[in-house]
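Here is a short report for a first look at this protein. Keep the sequence and the 3D view open as you read.

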Amino acid sequence: MKTSRLILIAILVAAGLAALKSVVANRGRSVVAYCAQDQTYAGPIFREFQRQTGIKVRAVYDSEAVKTVGLANRLLAERRHPQCDVFWGNEELRTRQLAAAGVFRETNGWGAFGYRSRRIVINTNRLSLAAAPRSLLELTNEAWRGKVALAYPQFGTTATYFHALRQAWGDARWQAWCRALAANQPLLFDGNSVVVRMVGRGEAPVGLTDSDDIAVGQADGLPVASLPMTEEALLIPNTVGVTRGAPHPKAAQRLFDYLQSREVVQRLVSVNALEGLAADEVATPTLRVNWDALLRELDRTTTELSGIFLR
């Protein structure tokens with residue numbers, strides 16, 4: 001009887017040790033990613049990363065309406081007890097804001113890769129290229145009253161764009177333009193993809209959006225086209241950062257490197273999630289941003305945007 005009991009105990013101990021060994025072995029075999037890139041594009045890349053490395057990506061995505069802002073706020077809230085290993089951002093402003101707040105590790109905390117751009121989009125059934133507005137200033141003309149679609153300027157790349165314009169133009173000119181645009185009764189929507197759909201359906205002949213959303217609209221057969229890039233355009237890279245105190249640091253480093261690889265950037269370009277491999281390959285002069293100065297004015301500019309556009 002005693003012998004049977006000892007054998008049973010030995011079996012249970014062995015099973016427990018095996019289970020513990022399995023947990024330890026697999027501790028680095030997963031990584032948590034907060035992802036602002038569209039799931040349509042990011043999902044296949046995460047699956048390919050898992051296929052190549054054996055590391056499972058547990059991805060958390062954000063909604064279109066508050067894309068990037070929601071995830072950024074979550075990372076800030078979790079700063080002292082990080083749940084996320086890697087943040088994949090779809091624009092630069094919020095990533096720099098998180099870096100300034102100490103969310104990312106001190107050394108090699110974040111990087112940028114590829115680019116897309118802010119563009120004016122038009123409905124080609126309602127508007128010819130010759131008749132389209134050639135500048136942002138023209139959008140405040142009476143001819144475009146109630147005919148311009150854009151996402152709420154407090155969120156996502158629309159917010160980044162409005163902040164960058166303020167720096168480029170100076171406060172007085174920017175304030176005047178924002179107030180004139182708001183007075184011209186633009187159509188405000190929850191996200192840039194919605195802007196493209198509304199323009200494609202003819203609810204607005206012109207809109208402000210991102211190049212990748214225009215490409216999706218065209219692929220879906222919508223009668224939309226982007227106007228040429230000008231000096232008013234803003235180039236928007238993807239970004240990736242590793243959190244300070246990441247729960248799975250080795251797996252996080254591998255995903256960090258993988259997302260910046262040429263293989264991944266080329267794949268994103270091939271599906272029109274990005275326009276090109278690197279911003280320095282763009283010949284057209286575009287907006288240049290002093291990010292430290294922009295971050296110092298971030299709260300003030302956001303408050304002013306809310307006062308102008310949310311009435």
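## A first residue: Ala-72

Ala-72 is buried, with a relative accessible area of 2%. The model is predicted. Ala-72 lies in helix H3. Leaving aside neighbours within four places in sequence, Ala-72 is in contact with Arg-94 and Leu-98. Both of these residues are listed among the buried residues of helix H4.

Where is Tyr-34 relative to Ala-72? The two are 38 residues apart along the chain, and their C-alpha atoms are separated by 9.1 Å.

## The whole protein

The protein has 12 helices and nine strands. There are 311 residues, and buried residues make up 49% of them. The exposed surface is about 14,900 Å². Carbon and sulfur atoms supply 53% of that area.

Now take the contacts with a separation of 6 or more. Residues 24 or more positions apart account for 79% of them.

## Helices H3 and H4

Helix H3 spans residues 69-77. Its buried residues are Val-69, Leu-71, Ala-72 and Leu-75. They lie on the same side of H3, because they cover an arc of only 165° around the axis.

What do the buried residues of H3 pack against? Their partners are strand E1 (30-35), strand E2 (56-61), strand E3 (86-89), H4 and H5. Helix H4 covers residues 93-100, and buried there are Leu-93, Arg-94, Thr-95 and Leu-98. Gly-102 follows H4 and has a positive phi, near 80°.

## Strands E1, E2, E3 and E9

Strand E1 is largely enclosed by the rest of the structure, because six of its six residues are buried. Ser-30, Val-32 and Tyr-34 point one way from E1. Val-31, Ala-33 and Cys-35 point the other way. In a regular strand the side chains alternate between the two faces of the sheet.

E1 has parallel partners. Six bridges join E1 to E2. Val-31 has Val-57 as its bridge partner in E2. E1 also pairs with E3, over three bridges. Here Ala-33 stands opposite Val-86 in E3.

E3 is covered on both faces. Val-86 and Trp-88 are buried on one side, and Phe-87 and Gly-89 are buried on the other. Which way does E3 run against strand E9, parallel or antiparallel? The two pair in the antiparallel sense over four bridges, with E9 spanning residues 235-242. One bridge pairs Phe-87 with Gly-241 in E9.

## Two nonpolar cores

In soluble globular proteins, nonpolar side chains tend to be buried together. The largest nonpolar core in this model has 28 residues. Ile-122, Leu-136, Phe-162, Leu-165, Trp-177 and Cys-178 touch the most other members. Several elements each supply at least two residues of this core: strands E4 (110-123), E5 (148-151) and E7 (206-210), and helices H5 (156-169), H6 (171-183) and H12 (298-309). H5 gives the largest share, five residues.

Ile-122 has many contacts beyond its neighbours within four places in sequence, including Leu-127, Leu-129, Ala-132, Val-199, Val-206, Val-224 and Leu-227. Ser-128, Pro-205, Pro-223 and Ala-225 are also in contact with Ile-122. Another core, of 27 residues, lies apart from the largest one. Among its members are Cys-35, Phe-46, Val-57 and Ala-246.

## Two buried charged residues

Arg-166 is found in helix H5. Is Arg-166 buried or exposed? Arg-166 is buried, with a relative accessible area of 8%. Its side chain makes a polar contact with the side chain of Thr-301, at 2.9 Å. Leaving aside neighbours within four places in sequence, Arg-166 is in contact with Asp-171, Trp-174, Gln-175, Arg-300, Thr-301 and Glu-304.

Glu-48 is found in helix H2, which spans residues 39-53. Glu-48 is also buried, with a relative accessible area of 17%. Which residues does Glu-48 contact, beyond its neighbours within four places in sequence? They are Tyr-258, Glu-263 and Arg-267.

Technical notes:
Residues are numbered from 1 along each chain as its sequence is written. This is a predicted model: local features need pLDDT of at least 70, side-chain atom pairs count only at pLDDT 80 or more; totals for chains, interfaces and linings use all residues. Side-chain values use heavy atoms; hydrogens and water are left out. Buried means under 20% relative accessible area, exposed over 50%, partly exposed in between (1.4 Å probe, protein chains only). Contact means heavy atoms within 4.5 Å. Accessible areas come from the Shrake-Rupley method with a 1.4 Å probe; for residues, only the protein chains shown count as cover. A nonpolar core is a set of buried Ala, Val, Leu, Ile, Met, Phe, Trp, Tyr and Cys residues joined through side-chain atoms within 4.5 Å. The arc is that of the directions from the helix axis to the C-beta atoms. A polar contact is a pair of N or O atoms within 3.5 Å; within protein, one must be able to donate a hydrogen and the other to accept it, and residues adjacent in sequence count only if both atoms are side-chain atoms. Two strands pair if DSSP finds at least two bridges between them.
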